[in-house]
Structure formats: C-alpha cells, structure tokens
Amino acid sequence: MDVLEGLNPRQVEAVLETEGPVLVLAGAGSGKTRAIVHRIAYLLDGGISPSRILAVTFTNKAAGEMKSRTVRMVGQTAEAVWISTFHSFCAGILRAHIEALKPIDGRQAYRRGFSIYDEDDRKKLLLECLKEIGLKPTANDIKMARKWVSLAKLKGLDADDLQARLARDGQARFADVYERYLIRMAASNAVDFDDLLALTLRLFDENKEVLTLYQNRFEYCMVDEFQDTNRVQYELVKRVVGKHRNLFVVGDDDQSIYSFRGADVRNMLDFERDFPDVRVIHLDQNYRSTKSILATASSLISKNIARKQKNLFTENTLGEKVEVCTCGTEEAEAEFVCERAQRVARTGGDKPPTIAVFYRTNAQSRALEDALLRYEIPYTVVRGLRFYQRKEVKDVVAYLKASINPDDDLAIERVINVPPRGIGRSSMKMIRARAHAAGCSLLAAIAELKDSDAVRPALRRRLTSFRALITSLKTSAETMHPSGFIDHILHETGYLDYLQDSDEDEGQTRAENVRELSTAAKSFAKKHPGATVEDFVQHVSLMSELDQFDEHEQPVSLITLHSAKGLEFDFVFLIGVEKGLLPHYSARQKDEIEEERRLLYVGMTRAKKGLILTRAYRRLIFGRTVINPESPFIGEIDPALITRTAYYGKDLL
C-alpha cells in the first residue's frame, strides 16, 4: 500500500511532516480530510502504535467519516486510533477520572456514571433556576442565562467573577442563576457540553498525574477544523501535546463562522506566535468548485482584513458565471428558486443533481416551503435531530440516564409519572421541596418521604415502587447489552404497553419509534463491540444536529448557512443576500461584519457546478414589509465574474 498515492504535492508535504507543530491552511474543498487520513495511515505504516495517535474534530459525522476512511485504507489496526469529537474525547477522560476533580465549596463532588445534559435539559434547568431566584422568566431571560452560563464556564469564571462582570450592566441576577445552576448540576451528578471541556481542562490543571498519563499516551495529535476551536479547546490541545509537541492542526480562517458558540479565529491567527517553530503548509488546490465559483468566492473573501493570505486554484472546468438575481418579493424569490430547481433537476439524467437552498435565518424558509409545496417539489428542512427530539424517544433516553445516574433530577422528573403512576404535580412539588431543603437529589428525597408518616399511605406505596424500579434498572444496566436493556425498560416500566394503549395510529407510530431506538442501540453495539449501556447513553447525548443528514440522499435541502459548513452540493441557491439579512442587522462591529462575509463565503464554496445568489426588493418578514438594499457584499465582488438577472414573478411576466 502506497499511502502517498493520489495526493498532490502539498498534501504529500502535509503527510510527511510528522514531527513538531504543523499548521495546514486548507482552503475550501482542498481535500483536508484526505490529507489527515493519509497522515494517520503514514504514521501507522511507519510503526507508530495506533493508541499513540489522537485526532479530534467537531461532529460525530466528520469523526465517523475519518475513522471509516482510515480503516478502509489500513485495515482494522486503525480502529485503535482515538478519532472523535472534542466533546466525546473529554467525556471519555471524565468517565475515567472525574472523581479526581477537587470538589468546590458548597457543591457535591462529581461521581462516575454522570449524566450529560443536552441543550433541552440545560434550558429546562435554567428555567427552574430563574424561578428559584424569584423571577417570572421570559424567553429572553432564558436566552441571556444560557449565554452567560456558557461564557462563564468557558472562561473559567465562578459566580463571584460573573457577578462583578454583570453588576455594572444591571444583569447581576444571571450570576445568581449561574450559582444555582452549578449547585443543581453537581447535585444531579450532571455535566453539560461546556462542562465536558471546562472540567477536563480543570482536571488537567489540578491533577498532573492524569495530565501526564495522556501526554505520555498521545505522541501525535491532529485537530481538524481548527478555526472552530474556542479557547478552552485550544488550551486542552496544548496541554495534551505538552510533552511531544507533535501537533498538526488543519483549518481555514476564512471559514470561521461560529463565534456565537465561542469559536475564536485568533487561535488560528496566533498559532505561529504560540509555536514559533511551526511549519506552515498551504493546501490551495480546490477539488470541489468550478473556476467561476471559486474566483467569485475568492473575490469576496479577499476583502477581509483579519485573515491569512491564500491563492486557491482549481483544475475543474470554467463553468457558468455566478448569477445574481433580483426578485420583486420573497414570494417571487421562492418561485424563481422552484423554477430553476426544476430546470436543474431535468439536466441530471439517471442521477439527479444535489440541490440546496441556504439562508441566513430560519424565518426565510417559510415562503420557500410554501412554493415548494405548490410546485410539488420534494424537500427536506435540516433543523436538527428530529428522531432524538421526539417525546417518546426522550422518555426512554431519560429512563436510560436515570438507570446510569439515579441522581439525575431532570431524568427522574421526566419519567416519575410516565407511564402514569399517580405521582402528580402536587406530589412532585412536595418531593422537590424536600430535596431542596435537604440539599439532595429527588430520588434521595423520595427515599426519605416513602417512610414518612406525613405522606399518605397510597403515595408512600407509589414512591416505594418507583424507587425500587429505578434501583432494579440500575442493577440491570450494569450487566445488560444496550439494546436488550432498552427492551427490558420497555417491559419493566410498561411504557410500550402505555404507548400501544393510547391513540391507535399515533400510539403505533410512537411504539415504532422506541423500537427504532433499540435498533439504534444494536447498530451502535455492532460498531463498538463490548459497548455498555453507559457508552450508548453518552453516544446519544453527544449527537450533533447534522449527524443524521446525508446531502446525497435529499431532493432539495433547505439549510441555514451556519449548518451548511462541511457539506457540498451540485447546485446552490443562496437567498436573501440583502443588507439586514446578510450581513445581519445585528452585525455592527468590524469583526462581526468580517464574520458575516465569511458566512457568505462558506455558503458559496459549498457549490460544485452552479451558484445563484438572490435578493428580494421587498420582503414581508416578522409581520411587516421591509425594503432591504442589496447586500454590500455583492458590490465587493468583481462585476466581471457575475451575471445579473431579475425575476418579478409569473404574474408580471
């Protein structure tokens, strides 16, 4: 096997440069994943043990693709390479060592078997914390609480630090929410996604023995999509490579579009300062787009100041010029997209082309969906992991979480009366009050109340029965396989019968969904021999919103620009390229405008064969009609590279 076969000279250089820090500036569509896969294969071929290699990226989908491509190239040896997302990497470390973390005053210490709270769990707990400090929370309160809690964790702030920061802005209440949130999370032995990163960094800094263990283990570390790292992730990586310094990072500062999640493009821009002996390699050959598309996107992004200079090129065909179409209204814009999509679809022959429509805000999809339905064009809206968001699936996952971690209050509260057990709202209010007074978990409070004479006998029996159920499930979870344990839960709790006894059609559909969860567990166990129930729960908890999306199997895909990165399509429509939408009206500072420009660049570089940008002269949005000027970004593109057209709707033609 020649691991360098099929690589261009720059990719070969990236593969062979194995020692010391390496920064690879990988332009859009330049084959960066291919370079990483071949580099791993080269290290393995050179006798490096697979267990000494770490590769981290940002989505399960990307990690899975990297692992499968590496296995196809070098065989089963590659299975022992640790390839995962940052969050999965940290979860694995914490599962082994979380008890080594020093407890913080006023909070319970973390224990093994912790739960991982997703965004819905975090939102629910923050809502409860807001109420606990006497507020009647609005949607904006929850949004701001999420923002400040995440920022505080990723910057290593305690409640007092946050209090000092927020006091001058009149938002000190969010520091109180943060304190309550931390206490409740510790009591529930639960961590959120920010904790996975922040606690692992704290663990490394507090416990040199644990840090040394991983520094000795990983001789080679690779980071994909480096431009998307936040400061905590960057510090984690620097800790891990502290001994061997064989750090290989790949990214494109022109595609840094996630600052709202904490991503810091300065990590990439400052890498050469942090590692003065770094070797910089440019992957500048684009394999995705036509010459016209690449030239147009490059003309736009060259206007950014805070970037590393690149000279991307492609040997693909010239292709059609990028089209910029002005439409009369958002309805005309949607109609235009449908007309063109139908025309494009007819050119595909036996293999229909992949088509996507990108937009800046979710609200823009409404007119588009209406038109697609009228034109009878099948489409899919990429908005998240719908399967794992279904109520019945979340119910069973909550049983799984409670079985692993009975102190998980959100999981216990979700399932305590599902199926109905006669433990209603007033009973839950009493249980919560007892838990709050005693500073314990809900299940611990139930253990006290089930023996209390102050509780009526019927309720005591129900509480005793529920606690016994959770205790029994915990015991079974320790020995059963994931899929078998899900079937065990459905039988022991009566949940499957409960679904089937409800509305005939809906109940059957919901029952099929929970059976599909069991199938998902079987599939997971097949890919991960020896996987435990806890392994599967972690897998489900860490699923990202695009992990189930396959752009090659969809008719027309509707996607926000922020969700488009990492995907590619034959033809792309980018709608709403107007001032106020793109750049978004909230972007006022210079760095914010530059990120909006990068966002448009990311959308443009997803296109392989055809790219059309559209705007509406007049748009009804959020209940009012607005007239938005054309995006200033269009004026920044060399006019010789684009073709301008107009469309005002069938009625006016």
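Here is a short tour of this predicted model, from its domains to its largest cavity and one asparagine.

Let's start with the overall layout. The chain splits into four parts, and two of them are built from separate stretches of sequence, as the table shows.

| Domain | Residues |
|---|---|
| domain 1 | 9-93 + 200-283 |
| domain 2 | 115-188 |
| domain 3 | 291-385 + 549-647 |
| domain 4 | 391-542 |

Between the C-alpha centres of domain 1 and domain 2 there's a gap of 32 Å.

Now for the empty space inside. Searching the whole structure turns up three cavities of 30 Å³ or more, and the largest one has a volume of about 90 Å³. Its lining includes Arg95, Gly113, Phe114, Ser115 and Ile116, along with Lys401, Ile404, Asn405, Glu534, Val537, Gln538 and Ser541. Strand 4 (115-117), helix 18 (391-404) and helix 26 (533-541) each give two or more residues to that lining. Helix 26 supplies the largest share, with four residues. Sorted by class, the lining of the largest cavity has four nonpolar, five polar and three charged residues.

Finally, take a look at asparagine 8, which sits in the segment before helix 1 (9-16). Is this residue buried or exposed? Asparagine 8 has a relative accessible area of 12%, and because that is under the 20% cut-off, it counts as buried. A polar atom of its side chain lies 2.8 Å from the backbone nitrogen of glutamine 11. Leaving aside residues up to four places away in sequence, asparagine 8 touches Gln285 and Tyr287.

Key
Residues are numbered from 1 along each chain as its sequence is written. This is a predicted model: local features need pLDDT of at least 70, side-chain atom pairs count only at pLDDT 80 or more; totals for chains, interfaces and linings use all residues. Side-chain values use heavy atoms; hydrogens and water are left out. Buried means under 20% relative accessible area, exposed over 50%, partly exposed in between (1.4 Å probe, protein chains only). A polar contact is a pair of N or O atoms within 3.5 Å; within protein, one must be able to donate a hydrogen and the other to accept it, and residues adjacent in sequence count only if both atoms are side-chain atoms. Contact means heavy atoms within 4.5 Å. Domain bounds come from an automatic or database domain assignment. On a 1 Å grid over the protein atoms alone, a cavity is a set of points where a 1.4 Å probe fits but cannot get out, and a pocket is an open set with protein on both sides within 12 Å along at least five of seven lines; lining residues have an atom within 4 Å of a point. Grid points are joined across faces, edges and corners, and a volume is the space filled by probe spheres set on the points. Ala, Val, Leu, Ile, Met, Phe, Trp, Tyr, Cys and Pro count as nonpolar, Asp, Glu, Lys and Arg as charged, and the others, Gly among them, as polar.
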